Amino acid sequence: MTRERLTVVVAAFNEADALPALHPRIAAVLDALVAEGVDGHVLYVDDGSRDRTWAVLDDLAAADPRVSLLRLSRNFGKEAALTAGLDRVEAGAALILDADGQDPPELIPAFVAKWRQGYDDVHGTRTARDGEGWFKRATAHAFYRVMQRLSKTPIPTDTGDFRLLSPRALAALRQLRERHRFMKGLFGWVGFEQVAIPYHREARLAGRSKFNAWRLWNFALEGVTSFSTAPLRVATYLGVMTALLAFVYALWIVVKALFWGDPVAGWPTMMTVILLLGGVQLMALGMIGEYLGRLYEESKQRPLYLVDRWRPAAGVSLADL
Ligand code: UDP
Ligand code: MG
């Protein structure tokens, strides 16, 4: 049997409490996969944690020759951390997993089985979410549906970053170097054969979610502006609609003045129209600004992340080099 290489990529930001519980689970799964000819590795990316995460990871790496570590120079955000991790996967397939245990590692064999059947992008789709309030669930639900409407790129609903990428899907993803990285959309853009594995999203092992309501709102904005130009068109349609209404209203004013005279009046209408138009114009400007800002960031051509430390697996064999 040919041995296939699989690297589990885990982005971790302040996950010192969750990692010691998570790693044995991953290790057990990788041990079991050896019999199936899978050469498993783990790559932890410390996204500039401010707690003991790096020390915890260092211990894990010292005890397990399959573990490589990468530390970014500061907190760059999950999307950049994942990009950094995927960039360091030397060969074979990559599987992305959350550090908090919300994506159960025990499902990895199911992902590998689908990969072996020839799928390039195997992603977990949540059937249930534990430990998340109704507000997060409702907004997440709405977000995925709105995104699907707005974007031309197919983005599977209720799908996070828990997924396996075949070597060619991984290579394709690595070519996308945009600064505003809405990963769900990037995966969809890559295409190839995709398949969903339904799973039950568990509650966090420890700690709290790093995504509060404000961060999620910004994340949603990121998704919409990175994968759709529909908001820019909203301004056009609003403009056309307002102009049409204004035209009808103007006709009505002329007719009214001709037939019934024109006693001076109209302060309320005037105020209403001025405020409404002012509001609509500012909104349209804001939308243009969102895109312009992204264009500006893109034009600076900064690297997506900076590496502080790189600790390759102790067990790197000569054949791997
Ligand atoms: N994460 C990260 N950098 C960040 C925020 C989060 O690497 O700036 C990691 C975090 O450690 C976890 C994953 O991204 O492994 C998902 O984060 P979290 O559990 O807070 O998000 P949620 O599951 O609530 O969407
Ligand atoms: Mg989580």
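Start with burial: colour the whole chain by how crowded each residue is, and 30% of the 321 residues come out as buried. Keep in mind that what you have open is a predicted model.

**The whole chain**

Zoom out and switch to cartoon view. You should be able to pick out 10 helices and eight strands in the protein chain. The radius of gyration is 25 Å, well over the 20 Å that the globule rule gives for 321 residues, so the chain is more spread out than a compact globule. Turn the model along its principal axes and the C-alpha atoms fill a box of roughly 95 × 40 × 40 Å. If you draw the contacts with a separation of 6 or more, 86% of them link residues 24 or more positions apart.

**Stop 1: strand S1**

Select residues 4-12, which make up strand S1. Is S1 enclosed or open? Seven of its nine residues are buried, so S1 is largely enclosed by the rest of the structure.

Now add residues 38-46, strand S2, which runs parallel to S1 and is joined to it by nine bridges. For one pair to click on, take valine 10, whose bridge partner in S2 is tyrosine 44. To see how the chain gets from one strand to the other, show helix H1 (residues 19-34): the path goes from S1 through H1 to S2, a right-handed β-α-β crossover.

S1 has another partner to bring in. Select residues 93-98, strand S4, and you'll find six bridges to S1, again in the parallel sense. Here valine 9 stands opposite isoleucine 96. While the strands are on screen, remember that in a regular strand the side chains alternate between the two faces of the sheet.

**Stop 2: alanine 12**

Stay on S1 and centre the view on alanine 12, which belongs to this strand. Why does alanine 12 count as buried? It has 25 other C-beta atoms within 10 Å, and the cut-off for buried is 20 or more. Beyond its neighbours within four places in sequence, alanine 12 is in contact with eight listed residues, among them Leu19, Asp46, Thr53 and Ala99. Tyrosine 44 is another contact of alanine 12; the two C-alpha atoms are separated by 7.0 Å, although the residues are 32 apart along the chain.

**Stop 3: two unusual backbone angles**

Step past the strand to asparagine 14, in the loop between S1 and H1. Most residues other than glycine have a negative phi. Asparagine 14 is not a glycine, yet its phi is positive, at about 55°. With 19 C-beta neighbours inside 10 Å, asparagine 14 counts as partly exposed.

For another case, jump to phenylalanine 192, in the loop between helix H7 (183-190) and strand S7 (194-201). Its phi is positive too, at about 65°, and phenylalanine 192 is not a glycine either. It is partly exposed, with 14 other C-beta atoms within 10 Å.

**Stop 4: helices with sides**

Select helix H2, residues 53-63, and highlight its buried residues: Thr53, Trp54, Val56, Leu57, Leu60 and Ala61. They cover an arc of only 160° around the axis, which puts them on the same side of H2. What do they pack against? Show S1, H1, S2, strand S3 (67-72) and strand S8 (307-311) to find out. Then spin to the face of H2 turned away from the buried side, where Ala55, Ala62 and Ala63 are exposed.

Helix H6, residues 167-174, has buried residues Ala169, Leu170 and Leu173. Their arc is only 100° around the axis, which puts them on the same side of H6. Arg168 and Ala171 are exposed on the other side of H6. An α-helix has 3.6 residues a turn, so residues three or four places apart point the same way.

Helix H3 (residues 78-87) is mostly covered, with eight of its 10 residues buried. Those to select include Lys78, Glu79, Leu82 and Gly85.

**Last stop: the listed transmembrane regions**

Which residues does UniProt list as "transmembrane region"? Its unreviewed entry gives 234-255 and 267-292. Select 234-255: the span is 100% helix and 0% strand, and its end C-alpha atoms are 32 Å apart. Then select 267-292, also 100% helix and 0% strand, with end C-alpha atoms 37 Å apart.

How values were computed: Residues are numbered from 1 along each chain as its sequence is written. Chains are lettered from A and ligands numbered from 1 in the order in which they are written. This is a predicted model: local features need pLDDT of at least 70, side-chain atom pairs count only at pLDDT 80 or more; totals for chains, interfaces and linings use all residues. Helices (H or I, at least four residues) and strands (E, at least two) are DSSP runs, numbered from the N terminus. The radius of gyration is taken over C-alpha atoms; the globule rule is 2.2 Å times the number of residues to the power 0.38. A residue is buried if 20 or more other C-beta atoms lie within 10 Å of its own, exposed if 12 or fewer, and partly exposed in between; C-beta atoms are placed from the backbone. Two residues are in contact if their C-beta atoms, placed from the backbone, lie within 7 Å. The arc is that of the directions from the helix axis to the C-beta atoms. Two strands pair if DSSP finds at least two bridges between them. A crossover is right-handed if, with the strands pointing away from the viewer, the path from the first strand over the helix to the second runs clockwise. UniProt positions are given in the numbering used here, feature names are shortened, and annotations may be inferred rather than shown by experiment.
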